Amino acid sequence: MAELTDVYFVDGMRTPFGRAGEKGMYWNTRADDLAVKATIGLMERNAAVPADRVDDVAIAATSQTGEQGLTLGRSVAILAGLPQTVPGFAIDRMCAGAMTSVAMMGASIGSGMYDIALAGGVEHMGHYPIGGNTDPNPRFVAEKMVDPGALNMGVTAERIFDRFPHLTKERSDRFGMLSQHKAQAAYEAGKFQPDLVPVAIKDAEGSWGLATEDEGRRPQTTMEDLANLKTPFRPHGRVTAGTSSPLTDGATMSILAGGSAVKELGLRPKMRMVSFAFAGVQPEIMGIGPIPSTEKALRKAGLTIDDIGLFELNEAFAVQVLSLLDHFGIADDDPRVNQWGGAIALGHPLAASGVRLMIQLAAQFAERPDVRYGLTAMCVGLGQGGSVIWENPHFDGKKGKR
């Protein structure tokens, strides 16, 4: 008989993220193969998890067509060599696809329906640009349900500046610059490398290579560089390429398990799921979405923002993260926030990014037994936000760095 149980993030891995487009390292690599690589790497690292015990595989993609179609969870499971008894499905919540995969699989485990599940996401923005295969219903605009600009993420970011004048371009530029610097420092300290699955790649001449690092980083970025960039979404605007996540290809995958499975198999999970929440906001200003979703997740957990010791916030745009920090009274450069940089430096392969946040938070938890709770949160196209609160299994109750 099914019983309620705790939900654990056992482990997560991802491919290195590549620049989208013909010059990107994954131009000659299929999207589903990226998800297969992440799945194989994760299962190999977690040999204590019997493949035939996986109850379901949820893989998100925003553009569910071509290589990203054909029910990704099932097709990737077969291609990755999981037993054919393991089912799978595809899921879409745009940028929060992988986060939703984790939430839905977590809920299934927590209710006792599943014991073990895989959850992740993939996006090949080089092969499938955002919105490229969609046909938005004309009623959205004709009946003035949604402003046409709501379908352009950069335009929605400009509108955050409009609504909150104290979120200046200079603050945004500094946040973008620091993301690059923090990501480079984390690379030099070997923080990312353990959780990256190398991917064999082929260039335009047919030569083979190996993708081992995120491709889009710009560690030499300065405030002067950012001040001189064009503002593509509005003349004399405030959003630039230097304060936006670049177009990116990549895949992420995680293993979730219930308390009884963790005990039976002797697993050592990296995080415990405390709560999750999703919320809707005006599509025209989608970047503020994580504010209400975080408030909901905190209420469900019985916590306040002051209980959160580490934040992994998706940097779709610098101003979007600043709007959340400002709302909760957190400084732009608070050391709890995005310690190793974020999507501005590493990239944002839409539906894959939620699990990247979790992988980084899990690694930071291992280094910080003084921190009990962490938050992963992100904004979502068409006006949504997603948040998941996690507990650190390494927490020792001792007071240390905040």
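Helices (H or I, at least four residues) and strands (E, at least two) are taken here as DSSP runs numbered from the N terminus, and with that numbering leucine 70 can be placed in the loop between strand 3 and helix 2. The model on the screen is a predicted one, and the tour begins at this loop.

Select leucine 70 and look at its backbone, where phi is positive, at about 60°, although the residue is not a glycine. Its relative accessibility is 73%, and because the cut-off for exposed is over 50%, leucine 70 counts as exposed.

Next, select strand 3, residues 56–60, which is mostly covered, with 5 of its 5 residues buried. In a regular strand the side chains alternate between the two faces of the sheet. Here Asp56, Ala58 and Ala60 point one way, while Val57 and Ile59 point the other way. Add strand 5 (residues 116–124), which pairs with strand 3 in the parallel sense over 5 bridges, and find alanine 58 standing opposite alanine 119 of strand 5. Then add strand 4 (residues 89–91), whose pairing with strand 3 is also parallel and runs over 3 bridges; in this pair isoleucine 59 stands opposite alanine 90. With helix 2 (residues 72–79) shown as well, strand 3, helix 2 and strand 4 can be followed as a right-handed β-α-β unit.

Move on to the loop between helix 4 (139–142) and helix 5 (153–163), and select methionine 145, which lies there. This methionine is partly exposed, at 42% relative accessibility, and together with Phe140 and Val141 it forms a nonpolar surface patch with about 240 Å² of accessible area.

What do the buried residues of helix 5 pack against? Select the helix, of whose 11 residues 8 are buried, including Met153, Val155, Ile160 and Phe161, and the partners appear as helix 6 (169–188) and helix 10 (318–327).

Stay with helix 6 and select arginine 174 and glutamate 170, whose side chains meet in a salt bridge at 3.8 Å, N to O. The two residues are separated by about one helical turn, because they stand 4 residues apart in helix 6. Arginine 174 is partly exposed, with a relative accessible area of 38%.

Other salt bridges, of which the model has 23 in total, can be visited in turn. Select lysine 270 and aspartate 11, which meet at 2.7 Å, N to O; this pair joins distant parts of the chain, 259 residues apart, with lysine 270 in the loop between helix 8 (259–265) and strand 9 (271–280) and aspartate 11 in strand 1 (residues 7–14). Aspartate 11 is buried, at 3% relative accessible area, whereas lysine 270 is partly exposed, at 25%. Then select glutamate 367 and lysine 191, whose side chains meet at 2.6 Å, N to O; they lie 176 residues apart, glutamate 367 in helix 12 (residues 353–367) and lysine 191 in the loop between helix 6 and strand 6. A network of salt bridges can be shown by selecting Asp6, Arg272, Arg372 and Glu391 together.

For the last stops, select aspartate 203 in the loop between strand 6 (199–202) and strand 7 (208–211), together with asparagine 28, which is 175 residues away in sequence but 6.8 Å away in space, C-alpha to C-alpha. Finally, go to leucine 382 in the loop between strand 11 (373–380) and strand 12 (384–391), where phi is again positive, at about 65°, although the residue is not a glycine; leucine 382 is partly exposed, with a relative accessible area of 37%.

Key
Residues are numbered from 1 along each chain as its sequence is written. This is a predicted model: local features need pLDDT of at least 70, side-chain atom pairs count only at pLDDT 80 or more; totals for chains, interfaces and linings use all residues. Side-chain values use heavy atoms; hydrogens and water are left out. Patches are made of residues with over 30% relative accessible area and no salt bridge: like charges are joined within 9 Å, nonpolar side chains (Val, Leu, Ile, Met, Phe, Trp, Tyr) within 5 Å. Accessible areas come from the Shrake-Rupley method with a 1.4 Å probe; for residues, only the protein chains shown count as cover. A salt bridge is a side-chain nitrogen of Lys or Arg within 4 Å of a carboxyl oxygen of Asp or Glu. Buried means under 20% relative accessible area, exposed over 50%, partly exposed in between (1.4 Å probe, protein chains only). Two strands pair if DSSP finds at least two bridges between them. A crossover is right-handed if, with the strands pointing away from the viewer, the path from the first strand over the helix to the second runs clockwise. Contact means heavy atoms within 4.5 Å.
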